[in-house]
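Q: Please take one part of this structure and look at it closely, setting out how its residues are placed and what they touch.

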Amino acid sequence: MNENEIELTTYDRLLRAWENSMELVRDYEMYSKRIEDEKIKQVFKDFAQDEGMHASKLRDILLDYKKQ
């Protein structure tokens, strides 16, 4: 590895994935509140819920990984 490169660890990648997932939850929730079309509103609500499960799983993995 080049001495000027920054190495991302597994922990760094997990943390970034978790943060991105949390941001998507917030975005989808916001979209669902600003859209009048009920069908599309429900799609975004469902996406927020699904992404929330992803964020929760990533958080659990992140905490377990940190204990190692």
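A: In this predicted model, a good place to begin is the aromatic cluster that Y28, Y31, F44 and F47 form together. A search of the whole structure finds five aromatic pairs. Among them is the pair of Y28 and Y31, whose ring centres are 6.4 Å apart and whose planes meet at 65°, an angle over the 60 degrees required, so the pair is edge-to-face. Y28 and Y31 are three residues apart in helix α1, and are therefore separated by about one helical turn. With a relative accessible area of 18%, Y28 is buried, whereas Y31, at 34%, counts as partly exposed.

The rings of F44 and F47 have their centres 6.3 Å apart and their planes at 85°, so this pair is edge-to-face. Both F44 and F47 belong to helix α2, where three residues, about one turn of the helix, separate them. F44 counts as buried at 18% relative accessibility, while F47, with a relative accessible area of 40%, is partly exposed.

Helix α2 itself, which carries F44 and F47, runs over residues 38-67, and its 30 residues should span 44 Å at 1.5 Å a residue; the C-alpha atoms at its ends are 44 Å apart, which agrees with that expectation. At the N-terminal end of α2, D37 acts as a cap, with a side-chain oxygen 2.9 Å from the backbone nitrogen of K39. The buried residues of α2 are K41, F44, A48, E51, A55, L58 and L62, and the buried residues of this helix pack against α1, which covers residues 10-34.

One of these buried residues, E51 of helix α2, deserves a closer look on account of its charge. Although E51 is buried, it has no salt bridge, and R26, the nearest side chain of opposite charge, is 11 Å away, whereas a salt bridge would need a side-chain nitrogen of Lys or Arg within 4 Å of a carboxyl oxygen. The side chain of E51 does make a polar contact, at 2.6 Å, with the side chain of S21. Leaving aside neighbours within four places in sequence, E51 is in contact with S21, L24, V25 and Y28. Y28 thus links the two parts of this description, being in contact with E51 and belonging to the aromatic cluster with Y31, F44 and F47.

Conventions
Residues numbered from 1 in each chain as written. Predicted model: local features only at pLDDT ≥ 70, side-chain atom pairs only at ≥ 80, totals over all residues. Heavy atoms only, no water. Helix = DSSP H or I, 4+ residues; strand = E, 2+ residues; numbered from the N terminus. Expected span 1.5 Å × (residues − 1). Buried < 20%, exposed > 50% of the residue type's maximum accessible area, 1.4 Å probe, protein only. Contact = heavy atoms within 4.5 Å. Polar contact = N/O pair within 3.5 Å; in protein donor to acceptor, adjacent residues only side chain to side chain. Lys, Arg positive; Asp, Glu negative; His and termini not counted. Phe/Tyr/Trp six-rings, centres within 6.5 Å; stacked < 30°, edge-to-face > 60°.
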